[in-house]
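Here are a few exercises to help you find your way around a structure you haven't met before. Try each one yourself, then read through the solution.

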Amino acid sequence: MEDTFLRQSKINFSNEVNNYYPEILTDEALAFITALHEKFNTERLQLLKRRIEQQTIFDSGNFPEFPKETAAVRDGNWNAGTIPHDLQDRRVEITGPAERKMIVNALNSGAKTFMADLEDSNAPSWKNTIEGQQNLIDANKKTISLVDIKRNKSYTLNQETAVLLVRPRGLHLEERHIIINNERAAGSLVDFGLYVFHNTQTLMQNGSAPYFYLPKLEHYLEARWWNKVFEFAQEYLGVPNGTFKATVLVETITASFQLDEIIFELKDHIVGLNCGRWDYIFSYIKKFRNHANFVVPNRDQVTMTTPFMDAYSKLVIQRCHKRGILAIGGMAAQIPIKNNEKANDAALEKVRKDKEREVKNGHDGTWVAHPALVTVAMAEFNKHMPTANQLHVTRDDVSITEQDLVEIPKGTVTEEGIRKNINVGILYTEAWLRGHGAVALYNLMEDAATAEISRTQVWQWLHNEVVIEGGRTFNMTLYKDIFDDEVEKIITEFGEENIKNSKFELAIGLFNKLVISEEFEEFLTLPAYQYI
């Protein structure tokens, strides 16, 4: 390990940092983060540059294709590595931020696994980022607990708990509080590095290992990058290659054209793919935003039965099972509706039908956002999947073309849809700026992905001046009228005094700027990050 003097000459903290969390950010841990940065950050930046170059191709009117150079990988007879015993059955997974109470409740929820999220449902303030790591350490040591004085309630782990997986930040996000060799550290490497450094030995002693969800991959070269990160970290920490396991979220439109390739690049470490439905819709709109006559209808009209979504879901199942890994379905974002039994029953029935469709299609598991949904999802998978998984369901009947994956969904753009996007986008952004990444809005658990859809749709509809239902053109004049009206509603609802003590003024300005800007901002969280 490097000594303190050498470490301090390479790594610094931003001026904002006033808590250095010495139990987490030890000299040894920071030396490891530095090693990861020096070995992999330059290539990460190159991969991000490649994304920009790819977008110029899409902006010229092109769609993705199955890569010609990797035809042998797609056609070859090969399998991924083994799936550990504690990841064989993942029929219901719950997700949420790495907050202390959330972790206890999720691990106790009855779900098979819990994905602790350091990405889309986490606002990456310094406090959230590092204290999230402490919470994960305590969870793996089985010592995590919490006392809620206001509710006079204590939280501790049950004897049996869900298996823990961790989602680090995507490649595009930096950790601005840590500076290495005068460069900002990569959020992905900080999240991954601190977790494996502090938890690998504990997990292996418990008969498990560090398990991950990898977000927002856009190309198989990005999967290759993660595989090299895994190999380096395992060697550095003195554990066998293949110890770490990953499930890749298929949440970009380009990734669905490279499923075999992504699996192949992570062959020793991959155990599954997941249909990250909300980010996938966001990516679909974002990538083709400058195509002529390309309009995606109201977000509520784009479901998993929409042709391009159905095609991608079935292709994920087919390619996963051909390679011997699991295909996990999408998120049910509903949360319990209190004091309205009829509405709550309708919401639960919607979840039930969604999970029934997934399990009958051949998925091995699914996602829920709230512990109250675990029972509903579990019942459907237990009913239709008596085995631990459905690797035997090959879906050889499925034949998905390039055109199937990009078919423009039918539907309408309505004033109500515009209003809902503006309202949800502002409310979520305000909560995110206050440090909350998972936000309950209108009986749904929203995260950054749904906020991204909201502002991207408004941007795309406005810049294409779409004709909305009723015949009006959605131009700048109409946008300003609707936007001002929605802002006034928010002010009325929350009260002017409460608005002053909130982040609403900043959120309103930020959302509006992103929508009216000529240049599209790739991620809402990039300009917003400087404010938390």
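**Exercise 1. Find the loop that holds Asn181 and Asn182, and work out how each residue sits in it.**

Solution. This is a predicted model, so you're looking at computed values throughout.

Step 1: place the residues. Asn181 sits in the loop between strand S7 (174-180) and strand S8 (183-186). Asn182 is in the loop between S7 and S8 too.

Step 2: check the backbone. Phi of Asn181 is near 50 degrees, which is positive even though the residue isn't glycine. Asn182 has a positive phi as well, near 65 degrees, and again the residue is something other than glycine.

Step 3: check the cover. Asn181 has 36% relative accessibility, so it counts as partly exposed. At 76%, Asn182 counts as exposed, because the cut-off for that label is over 50%.

**Exercise 2. Stay in this region and describe the surroundings of Arg184.**

Solution. Step 1: Arg184 belongs to strand S8. With 38% relative accessibility, this arginine is partly exposed.

Step 2: skip the neighbours within four places in sequence and look for contacts. You'll find Arg184 touching His37, Asn41, Glu174, Glu175, Arg176, Ile178 and Ile179.

Step 3: try a jump along the chain. Met309 is 125 residues away from Arg184 in sequence, and their C-alpha atoms are 36 Å apart in space.

**Exercise 3. Met309 is one of the buried residues of H10, so look at that helix: what span should its 16 residues have, and is the helix largely enclosed or open?**

Solution. Step 1: H10 covers residues 307-322, and at 1.5 Å a residue it should span 22 Å. Its end C-alpha atoms are 23 Å apart, which agrees.

Step 2: count the buried residues. There are 12 of them among the 16, so the rest of the structure largely encloses H10.

Step 3: pick them out. Among them are Phe308, Met309, Tyr312, Leu315 and Val316, but also Gln318, Arg319 and His321.

Step 4: look just past the helix. Gly324, right after H10, takes a positive phi of about 80 degrees.

**Exercise 4. Do a similar check on helix H18, then find what covers its buried residues.**

Solution. Step 1: H18 runs over residues 504-516, which makes 13 residues. From first C-alpha to last, H18 reaches 18 Å, close to the 18 Å expected at 1.5 Å a residue.

Step 2: list the buried positions. They're Phe504, Ala507, Ile508, Leu510, Phe511, Leu514 and Val515.

Step 3: see what lies over them. The cover includes helices H14 (415-433), H15 (448-463), H16 (476-494), H17 (496-500) and H19 (525-528).

**Exercise 5. Take Ile408 and Glu261 in turn: is each one buried or partly exposed, and which residues does each touch?**

Solution. Step 1: Ile408 is in the loop between helix H13 (402-406) and H14. Its relative accessible area is 34%, so Ile408 is partly exposed.

Step 2: leave out residues up to four places away in sequence, and Ile408 touches Tyr284, Asn293, Phe294 and Val295. Ile285 is 123 residues from Ile408 along the chain, yet their C-alpha atoms are separated by 9.9 Å.

Step 3: now Glu261, which you'll find in helix H8 (residues 259-265). Its relative accessible area is 2%, and buried means under 20%, so Glu261 is buried.

Step 4: with neighbours within four places set aside, Glu261 is in contact with Pro67, Thr70, Val73, Arg74 and Tyr220. The C-alpha atoms of Glu261 and Ala71 are 9.2 Å apart, although 190 residues separate the two along the chain.

**Exercise 6. Step back: how many helices and strands are there, and how does the chain compare with a globular protein of its length?**

Solution. Step 1: the chain has 19 helices and 15 strands.

Step 2: the radius of gyration is 23 Å, close to the 24 Å that the globule rule gives for 532 residues, so the chain is as compact as a globular protein of that length. Its C-alpha trace spans about 65 × 60 × 50 Å along the principal axes.

Step 3: look at burial and contacts. Of the 532 residues, 60% count as buried. Take the contacts between residues at least 6 apart in sequence, and 79% of them join residues at least 24 apart.

Step 4: finish on the outside. The chain exposes about 21800 Å², with carbon and sulfur atoms supplying 49% of that area. As for charge, the mean positions of the 59 positive and 74 negative charges are 3 Å apart.

Definitions and conventions. Residues are numbered from 1 along each chain as its sequence is written. This is a predicted model: local features need pLDDT of at least 70, side-chain atom pairs count only at pLDDT 80 or more; totals for chains, interfaces and linings use all residues. Side-chain values use heavy atoms; hydrogens and water are left out. Helices (H or I, at least four residues) and strands (E, at least two) are DSSP runs, numbered from the N terminus. The radius of gyration is taken over C-alpha atoms; the globule rule is 2.2 Å times the number of residues to the power 0.38. Buried means under 20% relative accessible area, exposed over 50%, partly exposed in between (1.4 Å probe, protein chains only). Contact means heavy atoms within 4.5 Å. Accessible areas come from the Shrake-Rupley method with a 1.4 Å probe; for residues, only the protein chains shown count as cover. Lys and Arg count as positive and Asp and Glu as negative; His and the chain ends are not counted. The place of a charge is taken as NZ of Lys, CZ of Arg, CG of Asp or CD of Glu. The expected span of a helix is 1.5 Å times one less than its number of residues.
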